[in-house]
Amino acid sequence: METETLDLSALLQHAADPGAADSAAHETILVAQPVLPPLEDLLPSLREIWDSKVLTNGGPFHQRFETALSEYLGVEHISLFTNCTIGLVTALQAMDIQGEVITSPYSFVATAHALLWNRITPKFVDIDPHTLNIDPERIEAAITPSTSAIMAIHCYGHPCDVEAIERIARKHGLKVIYDAAHAFGVRLPTGNLLKHGDLSVLSFHATKVFNTFEGGAIVSPDARTKTYVDQLKNFGFVDDVTVVTPGINGKMSEFNAALGLLQLKDVDKAIQRRRDIDRRYRERLSAVHGIHCVGFSGESNANHAYFPILVRPGYALSRDGLYHALREQGVLVRRYFHPLISSFPMYSHLASSCEENLPRATEAASQVICLPIHPALRDDQVDRVVDLIASAGRRQ
Ligand code: T4K
């Protein structure tokens, strides 16, 4: 994701046994760490899979997980996917999106790549400086006769201004696809976030609030759309001899589905722990001059997928200065989402990629650091991260 190369297995080994590699080193604190059920709890499901030898293609665990997930999320029509990226590529196919799509440059690169894989041109629009989501006020000016959709991201799990986006979409006859990779379990005070737009796409990647190792899902508004999405993720088959559309293989395997079914049991507890960590960071960081916490405290409907801070000019170090200071101490923070997608070579030639068009996204990408947040993170580790940020700021 970022340009530095990570030796993940060495990293994880060090995190599990920090003293083993270097007894003098500080305990490594990862930015994210997956929640896993006790292995024993998964074994009966694995035995069932081994006995039946049904490994994929919509087997019993796939069906059970899909049903359980739709109940948990409060949506009627959901299709499991192998990951969110293939889900995004498929969502664009399902809506027959072509030409130009308005999107945010402040996201993981998969958002825009899904457009390129469909030979769609992204049209980057600046973000709202408070939410870091696409700014609806900038969307209308970016619409051209070639625009067919808006692809908005609920960045860090903070909901987009869905009402405003949908008003614009209706007025101009555009589709809306939400990249909801970060938004598992997020609710709006006014209803279900995942029911907004034409389609929403979730990620169940290892680093997410809810994981199936790899995985994802598309939320559809009605049974007809879900059926089409299901055909698209299965090569376009409707029965064993009929192919109606050039589909892809986006199916979730029985292993991932069995894990997902089990993971649902503890996800609320995991989100609650994230909420406590979020609150602790905010309380303690409020005393550190120049550090701004994105979002706000006590968001009861949030999932606390990430804990982004902005390192502002009032802080004694630059963003990169703090980033390196923390990493030197074993706190493996990340700069999600720096660099902006629009600066990558396959996008930088686009007129909408120029910095003058994206001043707020450019500023956010130059100031952001995502601090560690995951359910296994202890209070003393949170305090250590905050103390390091406070003391690095004082030392200069
Ligand atoms: N849209 C948006 C807005 C997204 O953020 C993403 C993915 C997508 C779409 C596409 O979703 P998927 O197709 O992946 O379902 C990570 C993830 O790979 C990526 O899924 C995620 N967004 C992105 C924001 O971050 P990296 O390169 O930062 O991950 P990595 O391997 O450096 O892991 C971060 C930390 O997590 C490590 O320090 C250790 C820990 N970790 C990671 C893995 C993979 C573990 O403890 N265990 C693990 O298995 O990209």
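Where does the ligand lie, and which domains give residues to the shell around it? Let's start there, everyone. Keep in mind that we are looking at a predicted model.

Domain 1 is made of three stretches, 2–30, 267–333 and 372–393, while domain 2 covers 39–264. Both domains give residues to the shell around the ligand, so the ligand lies between them.

Now let's zoom in on that shell. There are 29 residues around the ligand, and the ones that come nearest are Thr 85, Asp 179, His 182, Arg 334 and Tyr 336. If you sort the shell by class, you get 16 nonpolar, 10 polar and 3 charged residues.

Let's look at some polar side chains there. In Tyr 336, a polar side-chain atom sits 2.5 Å from an oxygen atom of the ligand. For Thr 85, the distance from a polar side-chain atom to a ligand oxygen is 2.6 Å. His 205 also has a polar side-chain atom facing us here, 3.3 Å from an oxygen atom of the ligand. How much of the ligand's accessible area does the protein cover? On its own the ligand has 910 Å² of accessible area, and the protein covers 87% of that.

Which elements give two or more residues to the shell? They are helix H1, residues 8–16, helix H5, residues 84–94, and helix H6, residues 110–117. H1 gives the most, with 3 residues.

Let's stay with Tyr 336 for a moment, because of the bond that follows it. The peptide bond from Tyr 336 to Phe 337 is cis, with omega near 15 degrees. Phe 337 belongs to the loop between strand S13, residues 331–332, and helix H13, residues 359–367. There is another cis peptide bond to show you: it joins His 338 and Pro 339, with omega about -5 degrees. Pro 339 is also found in the loop between S13 and H13.

Next, backbone angles. Leu 132 is not a glycine, yet its phi is positive, at about 65 degrees. You will find Leu 132 in the loop between strand S4, residues 121–124, and helix H7, residues 136–142. Is Leu 132 buried or exposed? It is buried, because its relative accessible area is 1% and the cut-off for buried is under 20%.

Phe 235 is another residue other than glycine with a positive phi, near 65 degrees. Its place is the loop between helix H9, residues 223–232, and strand S9, residues 237–239. Phe 235 has a relative accessibility of 37%, so it counts as partly exposed.

Finally, let's do a little arithmetic on a helix. Helix H11 runs over residues 267–285, which makes 19 residues. At 1.5 Å a residue, H11 should span 27 Å, and its end C-alpha atoms are indeed 27 Å apart, so the model agrees with the expectation.

Which residues of H11 are buried? They are Val 267, Ala 270, Ile 271, Arg 274, Arg 275, Ile 277, Asp 278, Tyr 281, Arg 282 and Leu 285. You can see that the list includes Arg 274 and Asp 278 along with Val 267 and Leu 285.

Gln 272 is in H11 too. With a relative accessible area of 37%, Gln 272 is partly exposed. To get a feel for distance, pair Gln 272 with Gly 321: they are 49 residues apart along the chain, and their C-alpha atoms are separated by 32 Å.

That's my tour, and thanks for listening!

Definitions and conventions:
Residues numbered from 1 in each chain as written. Predicted model: local features only at pLDDT ≥ 70, side-chain atom pairs only at ≥ 80, totals over all residues. Heavy atoms only, no water. Helix = DSSP H or I, 4+ residues; strand = E, 2+ residues; numbered from the N terminus. Expected span 1.5 Å × (residues − 1). Buried < 20%, exposed > 50% of the residue type's maximum accessible area, 1.4 Å probe, protein only. Near = heavy atom within 4 Å. Polar contact = N/O pair within 3.5 Å; in protein donor to acceptor, adjacent residues only side chain to side chain. Areas by Shrake-Rupley, 256 points an atom, 1.4 Å probe, with all protein chains shown as cover. Nonpolar A, V, L, I, M, F, W, Y, C, P; charged D, E, K, R; others polar. Domains from an automatic or database assignment.
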